[in-house]
Amino acid sequence: GCLKHLRTLDVGRNALRSLDGALSGCAALQTLVMYENELSELHLPSQLPSAALCTELWLGGNRLASLGPALGLPDATGGWRPALLSAASGASAGTSGLLAGLGQAPVCRGWCALHVQTVDVSDNELTDLSPLAACLNLRTLNGAFNRVVALACLGALSGCRGLRVLQLNDNPVAAHAHYRPLLLLLFPALT
């Protein structure tokens with residue numbers, strides 16, 4: 001209907017708990033701003049039309065505990081299991097120990113994987129960012145102020161070769177001894 005040409009939708013700071021189908025007519029949507037609401041779950045593929053070329057998702061300051069459903073992927077509890085990286089994946093002998101056990105997420109060919117370039121999920125309750133590996137064109141990721149502990153979620157994002165900006169401050173993972181060397185190894189394009 002009347003929202004089919006809408007390119008930017010900003011519903012930030014509205015105490016929203018759900019979208020209730022409000023995005024179904026937004027076929028031209030490129031930027032979705034939903035920061036500082038009360039969203040605890042989100043399933044964008046069922047909310048957005050398949051034609052939507054959404055390149056920016058601003059989801060910071062909500063209550064999201066998982067991104068899998070938001071991007072159309074099942075949670076880890078729903079059977080989504082990343083494959084493991086190996087030393088044969090291009091890592092040098094000195095870094096293979098760092099890479100052992102890190103996950104690499106499967107490729108999702110949905111709308112998200114093809115278009116999303118900027119994601120802000122800061123200040124949520126996330127413990128895993130690996131579902132964002134489905135966003136193959138990801139350039140900027142702000143995951144600060146969450147509960148990410150495992151280095152494995154960083155390995156899962158290694159398929160996002162164009163990642164230039166990554167903010168994970170105030171997550172437990174940032175205190176890991178191998179955090180910085182691993183970031184430089186996995187994401188050489190970081191600025």
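1. Asn-142 is buried, because its relative accessible area is 14% and the cut-off for a buried residue is under 20%. The model in which this residue is described is a predicted one, and the values in this note should be read as computed from it. Asn-142 belongs to strand β7, which covers residues 140-142, and its side chain reaches the backbone nitrogen of Ala-144 at 3.0 Å. When the neighbours within four places in sequence are left aside, Asn-142 is in contact with Val-119, Asp-120, Val-121, Ser-122 and Gln-167.

2. Asn-146 is a second asparagine to consider here, and this residue sits in the loop between β7 and α4 (152-156). Its relative accessible area is 6%, so Asn-146 counts as buried. Two backbone oxygens lie 3.0 Å from a polar atom of the Asn-146 side chain, one of them belonging to Val-121 and the other to Gly-143. Beyond its neighbours within four places in sequence, Asn-146 is in contact with a run of residues that includes Val-121, Ser-122, Asp-123, Asn-124, Glu-125 and Leu-126, and the list also holds Asp-170, Asn-171 and Pro-172. Val-121 and Ser-122 are therefore contacts of Asn-142 as well as of Asn-146.

3. Two of the residues that Asn-146 contacts, Asp-123 and Asp-170, deserve a check of their backbone angles. Most residues other than glycine have a negative phi. Asp-123, however, has a phi near 55°, which is a positive value in a residue other than glycine, and the phi of Asp-170 is likewise positive, near 60°. Asp-123 lies in the loop between β6 (118-120) and β7, whereas Asp-170 is placed in the loop between β8 (165-167) and α5 (179-186). Is Asp-123 buried or partly exposed? With a relative accessibility of 46%, Asp-123 counts as partly exposed, whereas Asn-146, which it contacts, is buried at 6%.

4. Leu-16 is placed elsewhere in the chain, in the loop between β1 (8-10) and β2 (31-33), and its relative accessible area of 25% makes this residue partly exposed. Which residues does Leu-16 touch, if those up to four places away in sequence are not counted? They are Val-11, Asn-37, Glu-38 and Leu-39. For Glu-38, which stands 22 residues from Leu-16 along the chain, the separation between the two C-alpha atoms is 5.4 Å.

5. The second largest pocket holds about 150 Å³ of space. Its lining is made up of 10 residues, and those that lie nearest the centre of the pocket are Ser-18, Glu-41, Leu-42, His-43 and Gln-47. By residue class, the lining divides into 4 nonpolar, 4 polar and 2 charged residues.

6. For the chain as a whole, the model shows 5 helices and 8 strands, which follow one another along the sequence in the pattern β-β-α-β-β-α-β-α-β-β-α-β-α. Of the 191 residues, 43% count as buried, and the accessible surface comes to about 9,200 Å², with 53% of that area belonging to carbon and sulfur atoms. Among the contacts between residues at least 6 apart in sequence, 59% join residues that are at least 24 apart.

Notes:
Residues are numbered from 1 along each chain as its sequence is written. This is a predicted model: local features need pLDDT of at least 70, side-chain atom pairs count only at pLDDT 80 or more; totals for chains, interfaces and linings use all residues. Side-chain values use heavy atoms; hydrogens and water are left out. Helices (H or I, at least four residues) and strands (E, at least two) are DSSP runs, numbered from the N terminus. Buried means under 20% relative accessible area, exposed over 50%, partly exposed in between (1.4 Å probe, protein chains only). A polar contact is a pair of N or O atoms within 3.5 Å; within protein, one must be able to donate a hydrogen and the other to accept it, and residues adjacent in sequence count only if both atoms are side-chain atoms. Contact means heavy atoms within 4.5 Å. On a 1 Å grid over the protein atoms alone, a cavity is a set of points where a 1.4 Å probe fits but cannot get out, and a pocket is an open set with protein on both sides within 12 Å along at least five of seven lines; lining residues have an atom within 4 Å of a point. Grid points are joined across faces, edges and corners, and a volume is the space filled by probe spheres set on the points. Ala, Val, Leu, Ile, Met, Phe, Trp, Tyr, Cys and Pro count as nonpolar, Asp, Glu, Lys and Arg as charged, and the others, Gly among them, as polar. Accessible areas come from the Shrake-Rupley method with a 1.4 Å probe; for residues, only the protein chains shown count as cover.
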